[in-house]
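Hi,

Here is the two-chain model I promised to pass on. Have a look first, and my notes follow underneath.

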Amino acid sequence: MKVKLLIAVMIFAVSSFCVAEENTAGIDTTATAVDSIRLPAPPLNLTGKDKPNDHGHAVVLNWDLSADDGAGANSVLRYDIYRWVPQLMLDLDLVRDSISVIQKILRHTTNGIKEGSQTDSMKNIFSVKTRDELFDIRNKLIKYVKKENKGLAEASKSYPSGGAWLYVDKKPSGTKTFVHIGSKEPTSSSFVPDFANLYYRVYAVTVKGARSSSQILGPIQSSGQWFNTYRIPVAYSVVIFTFLTIYYVRKAKKGADLYVRPLGGIEAVDDAIGRATEMGRPILYVLGLGSAADIATIASFTILGRVAKKVAEYQTELLVPTYDPIVMTVAQEVVKSAYLDAGRPDAYKEDTVHFVTQSQFAYVAAVNGIMLRELPATNVYMGKFFAESLILAETGALAGSIQISGTDEIAQIPFFIVACDYTLIGEELYAASAYLGKEPVLLGSLKAQDYAKAVIIVLAVIGVILAQFDFGHYFVKLFEVAN
Amino acid sequence: MKRQIPFVLVFLAGAFMAFQYYVPHESSEFVYEFLLDWTMIIGIFALALGIWSLYQVSVDKIKLRKENWAYSYVTLIGLFIMVLFGFTYKIGDSWGMYSLFVVSLMALLMFLIQTTISKSKGLWLGLSALALIVAIAVTVFDDSWGVAFMTSEGLKNTMFTNFADFVLTPILSTMFSLLAFFIASAAYRAFRARNVLASLLLIAALIVMLRFNPYMPFGLPDYMMKISNWLMNVPNLAAQRAIVIGIGLGIVATSLKVILGIERGYMGKG
């Protein structure tokens, strides 16, 4: 009896000692399954802070390597990162799991199961009504999680009671930094709340599974920022460029004579329209595969407006097959206005600009068909083009049309140069609208672009020279932009 | 006023998007994602306009008996039959009277087209009504197949998948494969040694082509590999970067012009 009592007292004393040690020093040396193996030295000086320049829900952890990192037989294999979470978070995890299960069921019973497969019969278990009910339950659970998440900041103040350490991730030996990027979605199991106390610890783990914990880090908090300082160089460049643009636009407005290099492709537009009129054949204008949000397409709208105005004046037929329905709607408005400006609103036909398809090669087939049936005198390709560029341009060349193209897609420019009579290379597409209009305000922006290019060339030359010396990287750092 | 409101909207949306790039905060992301969702919604509505435009152009072609007008029927039938297959699915072991349903709806489409182009509208309208009644009757009384608007079950309809896999995909692949032949003809035109520059282009192209040709019967000498790599990594890359810098500046300048209302071409005001 006495022996049993003695053993019990010894066990109690040992366990008390271990707990006391963890609470005072924050170092856990008990957490090992293999007692006979020597524990590695713990990672030291664990620090952490909010990840800068992000939307929040992320922290950066740093630590000094364990003394046993890369040291002989007891070498540290990896570092395990743990995070303390309050009980509320653990409870919500159960709800999140339920949401995930419901979502899986919904997915499998709608479109996840192959027809005729063994699990196909599962569809019949869930009627439409049942699925609607499941949708309803899922939505209620999501609402519940979102509401309860607001209490996480308060719950995290209860540390160290009423919570548990959860495994986050592992990093290989030699690593001294870990960025814990949590999800911003409250329904995700990896959700990290902003402005809540966060506690972390890092374990050094050996090949044999023995591990030692660093001191506990915390509380630290994550939060979102209102300005991304990594993008300051871009902000400076945009501000300088904006001032340059405004300066030259004002100068042009005051009547300064701004020289603009002639663009062969744009000068050929008028001739090409004249040729079409003489031949009695239509003009085909292709806006490419870009959306209305692409700058190349926006520039193309302006050129289309000019072309349509000339076409209306010369009373030639214009064909504009489009790939994107929004582009079609905008292009219809542009062409309509151009006919109105030319004083010939009656000549405008609704089907001048029409939608074809949103499938890339089906669109190519349709446009090629138009080229071979209608035999347009002139084909104008302006906008964003991809693999279809050469198929279109070669078919146009075979049909004997004069071809003018312009794109900002680097990979497609060589194809257009080879197959078309005139090509606007890259930025010339954007300059075309200013060149066609000869309006001072538009020409002013072109001047600003030219001077900005001159600045970039000068900076590139300075960079090349400085790169020959040791301090060259300081210059490069000035222009570094991180995400 | 009709012009001012769009400009104000463009300015606000453009300025917000420009500032959003520098603001990583969640609220800014939320508005950004919200606006992106709206572009998708607008896109879906615009698609309806697009389909209407395609329908009108095709019907006009049939009406005016333009060249190859008969193909417009193929376009319209293809368009509507795929929509139909995509919204219907099999429930039981057999399709039941599904084929009668499809035929009656296709007949309805044909009769409606005839109504718009024919002089005897009454006859075609009557036939359209008859086809519609048949289609509705089959839908109501036949339980072997169902209509799915809210779920994607129609996408598993074997007719839908067979048309997509065995008709559409091979046709699209055929169109894409034409590119190989067009590259050959374009290369022939590009590499004709008409002058010094064209000859240089030809030589450079030959070196690079030999470098990447997997069927070279003999190993290329080392210096050829080096020349090829140099051509790709130095002059080619330098020229590409120059173009990219120009494009970048052009994009910023055009965006500024659009936001500030200097560039109005997209509104039909050049």
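Let me start with a strand pair: strand 9 and strand 12 (residues 378–384) of chain A run parallel and are joined by 5 bridges. A word on terms: helices (H or I, at least four residues) and strands (E, at least two) are DSSP runs, numbered from the N terminus, and two strands pair if DSSP finds at least two bridges between them. Within this pairing, A:Tyr285 sits opposite A:Val380 of strand 12 of chain A.

Before going on, the housekeeping. This is a predicted model, in which local features need pLDDT of at least 70 and side-chain atom pairs count only at pLDDT 80 or more, while totals for chains, interfaces and linings use all residues. Residues are numbered from 1 along each chain as its sequence is written, with chains lettered from A and ligands numbered from 1 in the order in which they are written.

Back to strand 9 of chain A (residues 283–288): 6 of its 6 residues are buried, meaning that 20 or more other C-beta atoms lie within 10 Å of the residue's own (exposed is 12 or fewer, partly exposed is in between, and C-beta atoms are placed from the backbone). Strand 9 of chain A also runs parallel to strand 10 (residues 318–322) of chain A, through 2 bridges, and A:Ile283 has A:Leu318 as its bridge partner there. Put helix 8 (residues 295–314) of chain A between strands 9 and 10 of chain A and you get a right-handed β-α-β unit; right-handed here means that, with the strands pointing away from the viewer, the path from the first strand over the helix to the second runs clockwise.

What does helix 10 of chain A pack against? Its buried residues pack against strand 9, strand 10, strand 12 and helix 11 (388–398) of chain A, and also against helix 6 (158–190) of chain B. Among those buried residues are A:Phe361, A:Tyr363, A:Val367 and A:Met371. The geometry checks out too: the 15 residues of helix 10 (residues 360–374) of chain A should span 21 Å at 1.5 Å a residue (times one less than the number of residues), and its end C-alpha atoms are 21 Å apart. Just past helix 10 of chain A, A:Leu375 has a positive phi of about 45 degrees.

Elsewhere in chain A, strand 3 (residues 76–86) is largely enclosed by the rest of the structure, because 8 of its 11 residues are buried. Strand 3 of chain A pairs antiparallel with strand 6 (residues 198–206) of chain A over 8 bridges, and antiparallel with strand 4 (residues 163–172) of chain A over 9 bridges. A:Ile81 faces A:Val202 in strand 6 of chain A, and A:Asp80 faces A:Lys170 in strand 4 of chain A.

On to the interface: 70 residues of chain A are in contact with 59 residues of chain B (C-beta atoms, placed from the backbone, within 7 Å). Helix 9 (residues 325–341) of chain A gives the most to chain A's side, with 10 residues.

As for the chains overall, chain A comes to 15 helices and 14 strands, and 40% of its 483 residues count as buried. Chain B has 8 helices and 2 strands, and buried residues make up 19% of its 270. The radius of gyration of chain B is 28 Å, whereas a compact globule of 270 residues would be near 18 Å (taken over C-alpha atoms; the globule rule is 2.2 Å times the number of residues to the power 0.38).

Cheers

Conventions: Contact = placed C-beta atoms within 7 Å.
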